[in-house]
Amino acid sequence: MRDHPIVISEPDARVLRGLLSTRAPRGHDQEHLEELSLELERAQVLKPEQVAADVVTMHKPVRILDLSNGARQELTLVGPAEANVSARRISVLAPLGTALLGYREGDEVEWLMPGGVRRIRIESVQSAHVGAH
């Protein structure tokens, strides 16, 4: 669990609560979904216009740097139904999506992958794509 509560927009909080209430966590998903649920309970939920531009929210493109191998990638957190790895749209319920949500540009994030702990730095957070929810 993080040291400080995540900052999340009201629409993202509604989507996540809905997703978590309809999902029956199973297997390896259970632990990170339970952690997301706890994070959501203690999150600072704000109106979208109150969320700082550099906070990772759903539908905002994010550029990250993998600190273990130096690889950079750009991705966008979306709901599970919108996820498409080839289009760099990652489900907010995936371990990486859950790990990034609510962090800010410049933050370093650790998350547990099947191969061990990975560390990334959030290099930039862009404004949401037109047509995002």
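**Figure 1. R63 and E123 form a salt bridge between two strands.** In this predicted model, R63 is partly exposed, with a relative accessible area of 32%. The partner of R63 is E123. Their closest N and O atoms are 3.2 Å apart. The pair links distant parts of the chain. R63 belongs to strand β3, residues 61–66. E123 belongs to strand β7, residues 116–125. Along the chain, 60 residues separate the two.

**Figure 2. R119 and E108 are bridged across strands β7 and β6.** The closest N and O atoms of this salt bridge lie 2.6 Å apart. R119 sits in β7, while E108 sits in β6, residues 108–113. The two positions are 11 residues apart in sequence, so the salt bridge ties those parts together. Both side chains fall in the intermediate accessibility class: R119 is partly exposed at 37%, and E108 is partly exposed at 38%. Which residues does the network of salt bridges join? E108, E110, R119 and R121 are connected through shared partners.

**Figure 3. E39 and R42 pair within helix α2.** Their side chains meet in a salt bridge, with an N to O distance of 3.7 Å. That value falls inside the 4 Å cut-off for a salt bridge. Helix α2 covers residues 29–42. E39 and R42 are three residues apart there, so about one helical turn separates them. An α-helix has 3.6 residues a turn, so residues three or four places apart point the same way. Is each partner buried or partly exposed? E39 is buried, at 2% relative accessible area. R42 is partly exposed, at 29%. In the structure as a whole there are eight salt bridges.

**Figure 4. Helix α1 has a buried side and an exposed face.** Helix α1 runs over residues 10–22 and has 13 residues. At 1.5 Å a residue, the expected span is 18 Å. The end C-alpha atoms are 19 Å apart, which agrees. The buried residues in α1 are D12, A13, L16, L19 and L20. They cover an arc of only 135 degrees around the axis, so they lie on the same side of the helix. Where are the exposed residues R14, S21 and T22? They are carried on the face of α1 turned away from its buried side.

**Figure 5. A94 lies in the loop between β5 and α3.** Strand β5 covers 89–91, and helix α3 covers 95–100. A94 is partly exposed, with 22% relative accessibility. Residues count as buried under 20%, so A94 falls outside that class. P80 is 14 residues from A94 along the chain. The C-alpha atoms of A94 and P80 are separated by 8.3 Å.

**Figure 6. The whole chain places the close-ups in context.** The chain has three helices and seven strands. Along the sequence, their order is β-α-α-β-β-β-β-α-β-β. Of the 133 residues, 39% are buried. Among contacts between residues at least 6 apart in sequence, 58% join residues at least 24 apart. The accessible surface comes to about 7500 Å². Carbon and sulfur atoms account for 50% of that surface.

Terms used. Residues are numbered from 1 along each chain as its sequence is written. This is a predicted model: local features need pLDDT of at least 70, side-chain atom pairs count only at pLDDT 80 or more; totals for chains, interfaces and linings use all residues. Side-chain values use heavy atoms; hydrogens and water are left out. Helices (H or I, at least four residues) and strands (E, at least two) are DSSP runs, numbered from the N terminus. Buried means under 20% relative accessible area, exposed over 50%, partly exposed in between (1.4 Å probe, protein chains only). The expected span of a helix is 1.5 Å times one less than its number of residues. The arc is that of the directions from the helix axis to the C-beta atoms. Contact means heavy atoms within 4.5 Å. Accessible areas come from the Shrake-Rupley method with a 1.4 Å probe; for residues, only the protein chains shown count as cover.
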